[in-house]
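Q: Could you take a close look at the place where the two chains meet, and then follow the thread to whatever else is worth seeing around it? I'd like one connected walk-through, please.

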Amino acid sequence: MKHLRTSALAMACCGLLFNAPSAFASKDDDKDDDKKKKKTATAAKPVSPRGLMLANTCVGCHGQGGSSLGPATPTISGMAIDTFTDAMKAYREGKRPSTVMGRLAKGYTDEDIAEMANYFVTQKFVRVAQKTDPAKVKAGKKLHKDNCEKCHEEGGFKDEDGSSILAGQWLPYLQFQMADFNAKKREMPEKMAKRLNAMIKDNGDKSLEEVAHFYASQQDKKAK
Amino acid sequence: MNRREFLKTTALGSMAAGLISIPYIAKGAGQKVIVIGGGAGGTIAAKYLKKMDNSLDVTLIERNADYFTCFMSNEVIGGDRKIESIKFNYERLKKHGINVIIGEVTGGDLNAKTIKVGDKSLNYDKLVVSPGVDMKWGAVEGYDEAASEKMPHAWKAGPQTALLRKQLEAMPDGGVVLITAPANPFRCPPGPYERASLVAQYLKHHKPKSKVIVLDAKDDFAKKGLFEQAWKELYGYGTDKSLIEWRSAANQGKVSRVDAAKNAVYAGEMGDEIVGAVVNVIPPQSAGKIATALGLTNDAGWCPVNRKTFESSQAKDVHVIGDACMADAMPKAAYAANSQAKVCAAAIVAALQGKEMVAPAYVNTCYSIVGHDYGISVAAVYNYKADDNSIAPVQGAGGVSAKDASAEDRKREMLYGLSWFNNITEDMFG
Ligand SMILES: Cc1cc2nc3c(=O)[nH]c(=O)nc-3n(C[C@H](O)[C@H](O)[C@H](O)COP(=O)(O)OP(=O)(O)OC[C@H]3O[C@@H](n4cnc5c(N)ncnc54)[C@H](O)[C@@H]3O)c2cc1C
């Protein structure tokens, strides 16, 4: 019956083993021209039984392994530990607007949040094709290159320094976030605020919609 | 449980059942877990048991080949959704290695650890019971199963949902729709009021001379403030043109008797007769009948359990989850059943592996759709309290949608509600 005892642990770890460590390996400080000091990303540990227990309460809404079937609830799989942690704490402290997440986040301790974050980073972001407007996608692609790419690297497929994975995220969710940033309801890093304001000044409010369509349309990393 | 105990239990169970199915031990054959009921609780228990320990022999027994979700069935009744979109089956669950039996469990011998499906007797090491609710026929005088064919409850989705929809479509403009709501506890506390909202929405666009009257056995209900606010904004609530009227128990709303032949209900102290063009009676409920047949219910008709493991207080190695169980602050809702099923699966796997169970975590999130682009929600995070064996909400967390939320937020909640449906049904059947 040894098999019985080991299988749960094996299951808990396999997500981690199959996800190459590169996504959350620590990174040397890089001295880019913004002189922004990049933090060393928190590394994932094997998922604990408590981590699994907590994550199980999330996936009823956020989807299997955190990959949502939409139309609006965001996919949270593959999210970097620090991104997840910052988001949950911002919700908990009422610093980030939400409908239901703020109410739920208040129910968790720092340790709980760390356990959840550690689970979701090991999960693959599974994308579902969604309807986007080709003209907006095209315009959004250029806006992305001109304004966003430096932080939202690799076409938004990479979660680096809290950028979140945007590629293939659900369109309504992206639209909600852009609206909240624009209305100054959701805080953003100074650098982002500068770029966003400049983008809107040059291209109008419609540019927010266009970048949202671009990211939502991104299904295949190689095809970007 | 060690190997010797395992052999003993299985052999005893098999003998008692008159079966000879000693597992092939050399292969490490897993212990048998049987799950009764393929709904919001049972599907999740079966699937997560396999996820947590793939060597378990898990069998899910469900009466019907198709499952219609109650969640979003009010949208079908209101005409915004086709009934096919709430219909699911068990084919994909089989791919997880779950044995699915379509059949009805009619009884069992819990001392012998066996249950009966048709003429077969099956033995288990652990049993999970998630049968949902059954209507208490006769609790409202005159309301029995035959009456429900004329005055549908539509509190189990499927043919009843289709019947109520058909009656609304056939109703002439100007007809009155009666909805009777029961006293607590019952399945889906905000459900009757979500239904009143979506029926009103249908009337507003198709039969504007009609109205809905809710006759309630209570003086208060779930998310009342939010519902009433929405009704004012959308359906003229409180004016003499209101599409919805709510009569509390204190205001002659309590229905004591119905007469299916006359499509009438009798409400209030004097038993005033009210005739409806369409009458939807939501009667008092109890745990699904099989729970009583197995001796798992108390006098009130619900199943007391250990709140950490969901093991029955009345039978060893039998766990009850979902609407049928008593779970304190957790409402009888699909998300609650989902959350309980996962905790229960963890408890069973820990017990079978002889390990300490990890601290449980429970959540409920429940959306109500009250109009086009208008959703509201209630959410809670709970912890287990060992001192009084209770499930208690975490103080300061949870609660209902903001009273003064913007139209934009109501729209977002509607879209999150649709996402909730897509993701929870994938969790259940995917
Ligand atoms: C109109 C309405 C709207 C709702 N909306 C929501 C919502 O928006 N959100 C939410 O969270 N909840 C909602 N609910 C509540 C939700 O449907 C229930 O809480 C949930 O289904 C409970 O899960 P369960 O596993 O206990 O029972 P069920 O899902 O009912 O599953 C029980 C299953 O067991 C089977 N069964 C019973 N007895 C036997 C037997 N003897 N042998 C074999 N099989 C058997 C039944 O056929 C059934 O399939 C709603 C309910 C209603 C009525």
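A: **Where chain B meets chain A**

Let's start with one pair: Glu413(B) and Arg103(A) form a salt bridge, with their closest N and O atoms 3.6 Å apart. That pair crosses between the chains, running from helix α10 of chain B, where Glu413(B) sits, to helix α5 (residues 101-105) of chain A, which holds Arg103(A). Bear in mind that this is a predicted model.

The count of salt bridges between chain B and chain A is two. Besides the Glu413(B) pair, there is a salt bridge between the side chains of Asp180(A) and Arg412(B), at 3.0 Å from N to O. Over all chains, the count comes to 35 salt bridges.

Polar contacts add to the picture: 20 residue pairs are in polar contact across the interface of chain B and chain A, counting pairs with both residues at pLDDT 80 or more. On the chain B side, the elements giving two or more residues to the surface that touches chain A are α2 (42-52), α9 (334-352), β20 (362-371), β21 (374-385), β23 (399-400) and α10 (407-429). Of these, α10(B) gives the largest share, 14 residues. Sorted by class, the chain B side has 27 nonpolar, 14 polar and eleven charged residues.

Now for the overall extent. The contact takes in 52 residues of chain B and 40 residues of chain A. Together the two chains bury about 3800 Å², and 59% of that is on carbon and sulfur atoms. Three residues stand out here: Arg412(B), Tyr416(B) and Asn423(B) supply 17% of the area that chain B buries against chain A, more than any other three residues. Arg412(B) is also the partner of Asp180(A) in the 3.0 Å salt bridge.

Two of the elements on that side, α9 and β20 of chain B, turn up again around the ligand. The elements giving two or more residues to the ligand's shell are β2 (57-62), α3 (73-78), α9 and β20 of chain B. Here α9(B) gives the largest share, three residues.

In total, 35 residues surround the ligand, and the closest are Glu62(B), Tyr67(B), Arg187(B), Asp323(B) and Ala334(B). By class, that shell is made up of 17 nonpolar, eleven polar and seven charged residues.

If you're after specific atoms, here are some polar ones. A polar side-chain atom of Ser130(B) is 2.8 Å from an oxygen atom of the ligand. Backbone atoms take part too: a polar one of Val105(B) lies 3.0 Å from a ligand nitrogen, and a polar one of Ala40(B) lies 3.1 Å from a ligand oxygen. On its own the ligand has 1000 Å² of accessible area, and the protein covers 95% of that.

Finally, some backbone details to check by eye. In chain B, Asn184(B) and Pro185(B) are joined by a cis peptide bond with omega about -10 degrees, and Pro185(B) falls in the loop between β11 (176-181) and α6 (191-206). Chain A has a cis peptide bond between Gly70(A) and Pro71(A), with omega about 10 degrees; Pro71(A) is in the loop between α3 (59-62) and α4 (81-92) of chain A. Then there's Lys113(B), which isn't a glycine but has a positive phi of about 60 degrees. You'll find Lys113(B) in the loop between β6 (105-109) and β7 (114-117) of chain B.

Notes
Residues numbered from 1 in each chain as written. Chains lettered and ligands numbered in written order. Predicted model: local features only at pLDDT ≥ 70, side-chain atom pairs only at ≥ 80, totals over all residues. Heavy atoms only, no water. Contact = heavy atoms within 4.5 Å. Buried area = accessible area lost by both parts, 1.4 Å probe. Salt bridge = Lys/Arg side-chain N within 4 Å of Asp/Glu carboxyl O. Polar contact = N/O pair within 3.5 Å; in protein donor to acceptor, adjacent residues only side chain to side chain. Helix = DSSP H or I, 4+ residues; strand = E, 2+ residues; numbered from the N terminus. Nonpolar A, V, L, I, M, F, W, Y, C, P; charged D, E, K, R; others polar. Near = heavy atom within 4 Å. Areas by Shrake-Rupley, 256 points an atom, 1.4 Å probe, with all protein chains shown as cover.
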